[in-house]
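Colleague: I am new to reading structures, and I would like to understand how the words used for them are justified. Could we go through some of them together, setting each value against its cut-off?

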Amino acid sequence: MNGTTVTLTTSGTAYNLFTLVKAIQAGVSPSCCQLTITADSGNGGNVYVGDSTVSTSIFGARLPANGSANFTASFNGIGMEAFYLAGDASSQKVDIIANRI
């Protein structure tokens, strides 16, 4: 998959990563071997990465503008459907790169 930019429209809402990507790239697979999530450099707030309970107080990673998180699979791959994103400001843009084997 080439890089995709998604937008977290509403502040404080948890968005499923795969649902966001699939809306832009309909045929994309949910599985990858390496996943990079980068908050856009023009964002006015933070992007939070986590599971379905992600919020501004419960998260696995907090990404300020231009911050990124990288995930690499050891064996079975990474399922994008397990990742959720939330922003502490509206209209946060997030760049997603998912590399397959």
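Modeller: Let us begin with burial: a residue is called buried when its relative accessible area is under 20%, exposed when it is over 50%, and partly exposed in between. Please keep in mind that this is a predicted model.

Colleague: Why is Cys 32 called buried?

Modeller: Cys 32 has a relative accessibility of 4%, and the limit for buried is under 20%, so Cys 32 counts as buried.

Colleague: What makes Cys 33 buried, partly exposed or exposed?

Modeller: The relative accessible area of Cys 33 is 22%, and because values between 20% and 50% fall in the middle class, Cys 33 is described as partly exposed.

Colleague: How do you know whether Cys 32 is in a disulfide?

Modeller: A disulfide is a covalent bond between the sulfur atoms of two cysteines, and the rule applied here asks for two such sulfur atoms within 2.5 Å. By this rule the count is 0 disulfides; for Cys 32, the nearest cysteine sulfur belongs to Cys 33 and lies 6.7 Å away. Seen from Cys 33, the closest cysteine sulfur is that of Cys 32, and 6.7 Å is too far for a bond.

Colleague: Why is Leu 8 called buried?

Modeller: Leu 8, which has its place in strand β1 (residues 4–8), has a relative accessibility of 0%; the limit is under 20%, so Leu 8 is buried. Beyond the residues up to four places away in sequence, Leu 8 touches several others, among them Tyr 15, Leu 20, Val 47 and Leu 85.

Colleague: Which way do the residues of strand β5 point?

Modeller: In a regular strand the side chains alternate between the two faces of the sheet. In β5 (residues 47–50), Val 47 and Val 49 point one way while Tyr 48 and Gly 50 point the other way, and all are buried.

Colleague: How do you know that β5 pairs with strand β6?

Modeller: Pairing requires at least two bridges, and 3 bridges join β5 to β6 (residues 61–63), so the two strands count as paired, and they run antiparallel. One bridge partner in β6 is Arg 62, which belongs to Tyr 48. With strand β9 (residues 84–87), β5 pairs in the antiparallel sense over 4 bridges, and there Val 47 stands opposite Gly 87.

Colleague: Which residues touch the most other members of the largest nonpolar core?

Modeller: Of its 24 residues, these are Leu 17, Leu 35, Ile 37, Leu 85 and Ile 96. The largest share of this core, 4 residues, comes from α1.

Conventions
Residues are numbered from 1 along each chain as its sequence is written. This is a predicted model: local features need pLDDT of at least 70, side-chain atom pairs count only at pLDDT 80 or more; totals for chains, interfaces and linings use all residues. Side-chain values use heavy atoms; hydrogens and water are left out. Buried means under 20% relative accessible area, exposed over 50%, partly exposed in between (1.4 Å probe, protein chains only). Contact means heavy atoms within 4.5 Å. A nonpolar core is a set of buried Ala, Val, Leu, Ile, Met, Phe, Trp, Tyr and Cys residues joined through side-chain atoms within 4.5 Å.
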